Amino acid sequence: METKRLASQLRRSYEGQAWHGPCLRELLDGVTSEQAAAKPVSSAHSIWELVQHVAAWEQEALAVIEGEKYETLAGEKDWPPVLETWQATLDGLGSVSHALVAAIRAMPEEKLNESAGGAEYNFYFMLHGVVQHNLYHAGQIAMLKRAL
């Protein structure tokens, strides 16, 4: 039951009916590649960079659920360089979000108490962290859109 609730929270952070306000997909709807690449706040990441960063951490969580060792992302793994089209970046976020939601739904409940790929915390803590991470960066994206 708890895995279903976690999956629901993650899904809501990406595609809607979030309690806090607009989800990532709603915020990104209609954003052009020019807007995504812009840096209206000089010391902040662009929308594009934030989307890639969110996708990188969702991909890491998915890999850990699938049995990989947990890796704290750093450097270009944490903040990947922009190497693909904006649409490919959006598609990638959607794909990894859906795959992660499906993996959480399929997880046995008892796995939530296990170490997340050798990390010093369990899957329950990690997955709540992914949801919180998504929403933290959704707020940044909302502010960047306003600054544009």
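Two residues are in contact when heavy atoms of theirs lie within 4.5 Å. The exercises below apply this to a predicted model.

**Exercise 1. Determine which residues Asn 122 touches, leaving out those up to four places away in sequence, and describe the setting of Asn 122.**

Solution.
1. Location: Asn 122 belongs to the loop between α6 and α7.
2. Contacts: beyond the excluded sequence neighbours, Asn 122 touches Leu 112, Asn 113, Glu 114, Ser 115 and Ala 116.
3. Backbone separation: Lys 111 is 11 residues from Asn 122 along the chain, and their C-alpha atoms are separated by 8.4 Å.
4. Side chain: a polar atom of the Asn 122 side chain lies 3.3 Å from the backbone nitrogen of Tyr 124. A polar atom of that side chain also lies 2.9 Å from the backbone nitrogen of Phe 125.
5. Accessibility: the relative accessible area of Asn 122 is 22%. Buried requires a value under 20% and exposed a value over 50%, so Asn 122 is classed as partly exposed.

**Exercise 2. Establish how the buried residues of α1 are arranged about the axis of the helix.**

Solution.
1. Extent: α1 covers residues 2–15, which is 14 residues. From the first C-alpha to the last, α1 reaches 20 Å, close to the 20 Å expected at 1.5 Å a residue.
2. Buried set: Thr 3, Leu 6, Ala 7, Leu 10, Arg 11, Ser 13 and Tyr 14 are buried in α1.
3. Arrangement: seen down the axis of α1, these buried residues fall within an arc of 160 degrees, and therefore they line one face of the helix.
4. Principle: an α-helix has 3.6 residues a turn, so residues three or four places apart point the same way.
5. Cover: the elements that cover the buried residues of α1 include α2 (24–28), α4 (47–65), α6 (86–106) and α7 (123–147).

**Exercise 3. Classify Ser 13 as buried or exposed, and identify the side chain with which its own side chain makes a polar contact.**

Solution.
1. Location: Ser 13 is part of helix α1.
2. Class: the relative accessibility of Ser 13 is 2%, so this residue counts as buried.
3. Polar partner: the side chains of Ser 13 and Asn 134 make a polar contact at 3.0 Å.
4. Further contacts: with neighbours within four places in sequence set aside, Ser 13 is in contact with Cys 23, Leu 24, Val 131, Asn 134 and Leu 135.

**Exercise 4. State what the sign of phi is at Gly 16, Gln 17 and Gly 67.**

Solution.
1. Gly 16 follows α1 and has a positive phi, near 125 degrees.
2. Gln 17 lies in the loop between α1 and α2. Its phi is positive, about 60 degrees, although Gln 17 is not a glycine.
3. For reference, most residues other than glycine have a negative phi.
4. Gln 17 has a relative accessibility of 61% and so counts as exposed.
5. Gly 67, just after α4, takes a positive phi of about 110 degrees.

**Exercise 5. Assess the span and burial of α4, then locate Met 126 and list what it touches.**

Solution.
1. Span: at 1.5 Å a residue, the 19 residues of α4 should span 27 Å, and the end C-alpha atoms of α4 are 27 Å apart, which agrees.
2. Burial: 18 of the 19 residues of α4 are buried, and the helix is mostly covered.
3. Met 126: this residue lies in helix α7. With a relative accessible area of 6%, Met 126 is buried.
4. Contacts: apart from residues up to four places away in sequence, Met 126 touches Ala 61, Val 64, Ile 65, Ala 116 and Tyr 121.
5. Separation: Met 126 and Val 64 are 62 residues apart in sequence and 9.9 Å apart in space, C-alpha to C-alpha.

**Exercise 6. Decide what radius of gyration a compact globule with 148 residues would have, and set the protein against that value.**

Solution.
1. Composition: the protein has 7 helices and 0 strands, and its elements run α-α-α-α-α-α-α from the N terminus on.
2. Radius: for 148 residues, a compact globule would have a radius of gyration near 15 Å, and the protein agrees with its 15 Å.
3. Box: along the principal axes, the C-alpha atoms fill a box of roughly 45 × 35 × 25 Å.
4. Burial and surface: buried residues make up 44% of the 148 residues. The protein exposes about 7900 Å², of which carbon and sulfur atoms supply 54%.
5. Contact order: among contacts between residues at least 6 apart in sequence, 72% join residues at least 24 apart.

Terms used: Residues numbered from 1 in each chain as written. Predicted model: local features only at pLDDT ≥ 70, side-chain atom pairs only at ≥ 80, totals over all residues. Heavy atoms only, no water. Helix = DSSP H or I, 4+ residues; strand = E, 2+ residues; numbered from the N terminus. Expected span 1.5 Å × (residues − 1). Buried < 20%, exposed > 50% of the residue type's maximum accessible area, 1.4 Å probe, protein only. Arc of directions from axis to C-beta. Rg over C-alpha atoms; globule rule 2.2 N^0.38 Å. Areas by Shrake-Rupley, 256 points an atom, 1.4 Å probe, with all protein chains shown as cover. Polar contact = N/O pair within 3.5 Å; in protein donor to acceptor, adjacent residues only side chain to side chain.
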